[in-house]
Amino acid sequence: MPGILSELRVLELSHRPPGAYCAKLLADQGADTIKVEPPGWGDQSRHEPPFIGDEPHPDRSSTFLAFNTNKRGITLDVEQAEGRNLLLRLAESADIIVESYPPGKLAELGMDYATLAAASPRLILVSITYFGQEGPYANYQGDDLVAQAMGGYLYAVTGSASMPPMGTALQQMEITAARNGAVAVMAALLRREQTDQGTHIDVSTMEAAVSTPSGLIHPYTYTGRNPHRGGSDGNVMDGMHLPTLDGEVTLTTAGTGGRPMQAWAEILEEPGLLDPRFATRGGRMEHWEDLHSLVAPKLAQWNNLDLMRETMARGLVIGLVQTPRQVVESPHLEERGFFVELDHPETGPLQYPGSGFFIDGENAMNTARPAPRLGEHNAEILDGQLGLSLRELGLLRAARVI
């Protein structure tokens with residue numbers, strides 16, 4: 001089935017995860033997405049472990065494979081005049097350009113938004129950086145941890161008050177910035193339909209952290225008091241991981257209609273949980289050691305899935321702490337057809353998570369192709385789209401332009 005964005009062409013000029021993932025989100029919905037990489041080395045993520053089969057190889061990096069599905073890939077040295085000219089020709093046919101260069105770099109290449117828009121007024125340019133295109137920090141370098149620190153996460157959200165600040169794993173702020181970019185593209189496309197004009201979208205990873213509704217900024221703006229990270233210190237029934245017979249669970253008192261301890265007392269067959277000391281969250285935190293001594297032995301007698309079925313049936317909310325293997329083998333996700341399989345010529349078939357949403361009952365991830373090998377589509381695009389001859393391609397290759 002063609003994706004919902006199949007009539008659009010995206011040009012990706014990104015060497016960092018936020019740009020790559022933003023372009024992937026568009027590609028997975030069917031947009032013809034061309035990823036431009038420097039010849040020889042390629043995208044930096046090609047060289048980041050872990051590698052499939054523990055074999056370092058530019059086409060085996062799990063990071064690159066995950067962030068670049070459904071794209072075609074070419075190599076261009078945009079620092080050379082011939083490379084810049086070819087890039088500009090490709091830009092002329094693009095509906096959307098996603099880039100993550102430092103502010104001002106596109107202008108150096110003769111591809112600032114004003115220049116591009118003059119040739120293609122309907123073009124949508126998405127610039128994703130750590131601090132935005134303007135402002136005192138605009139030219140500073142960053143990474144996901146820096147965005148978490150500057151956005152307030154390390155101070156107020158992650159970790160516990162008794163320990164030093166703790167960052168979240170897996171590039172959460174960069175992923176959020178990428179999603180912000182993709183959402184902004186959807187708005188820009190609607191605006192283009194109404195006005196026939198393109199847009200320059202400026203996405204900041206730091207601002208993605210600040211704008212995420214997490215109970216971080218709003219409490220301060222409402223009360224003037226800085227919230228402090230609390231984690232689950234001493235809070236047995238609200239967010240603490242506890243072992244069961246065959247794993248771990250995250251407990252919560254949510255979803256019980258104001259009588260959480262009554263429900264837990266019935267499930268665990270432990271009347272001691274009805275002690276008035278445990279009736280409020282504050283009381284549970286104050287007397288957490290006594291509460292833990294009652295709950296932990298009871299949980300250790302339960303199988304994870306049995307406990308989940310029993311608690312969910314009573315309106316409680318509980319989370320099984322699943323391993324990646326358990327997630328991949330989840331019968332729920334299997335029945336919903338969440339995972340898709342793509343066959344890569346270097347690695348063989350690999351499973352990929354779906355888009356996370358369904359459209360008319362179908363997984364919304366377009367599954368046309370795996371991540372491209374380095375320069376895989378040079379001839380297909382430079383010859384087929386720009387009309388370069390085999391001789392011209394050979395000369396460009398010899399000059400290391402492609």
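Me: What makes Ile34, Val36 and Leu87 contacts of leucine 11?

Reply: Contact means heavy atoms within 4.5 Å. Leucine 11 touches Ile34, Val36 and Leu87, and also Leu90, Ala91, Ala94, Ile96, Ile97 and Val98, leaving out residues up to four places away in sequence. The model is predicted: local features need pLDDT of at least 70, side-chain atom pairs count only at pLDDT 80 or more, and totals for chains, interfaces and linings use all residues. Residues are numbered from 1 along each chain as its sequence is written, and side-chain values use heavy atoms, without hydrogens and water.

Me: Why is the set with Leu11, Leu13 and Ile74 called a nonpolar core?

Reply: A nonpolar core is a set of buried Ala, Val, Leu, Ile, Met, Phe, Trp, Tyr and Cys residues joined through side-chain atoms within 4.5 Å. Buried means under 20% relative accessible area (1.4 Å probe, protein chains only). The largest such core has 28 residues, and Leu11, Leu13, Ile74, Leu76, Leu87 and Ile97 touch the most other members. Among the elements giving two or more residues are strand 1 (9–13) and helix 3 (81–92). Helix 3 gives the most, four residues. Another core, of 26 residues, lies apart and includes Val10 and Tyr21.

Me: How do you know that strand 10 and strand 11 pair?

Reply: Strands are DSSP runs (E, at least two residues), numbered from the N terminus; helices are H or I runs of at least four. Two strands pair if DSSP finds at least two bridges between them. Strand 10 (residues 340–344) and strand 11 (residues 348–352) have five bridges, in the antiparallel sense, so they pair. Leucine 342 stands opposite leucine 350. Three residues separate the strands in this hairpin.

How values were computed. Buried means under 20% relative accessible area, exposed over 50%, partly exposed in between (1.4 Å probe, protein chains only).
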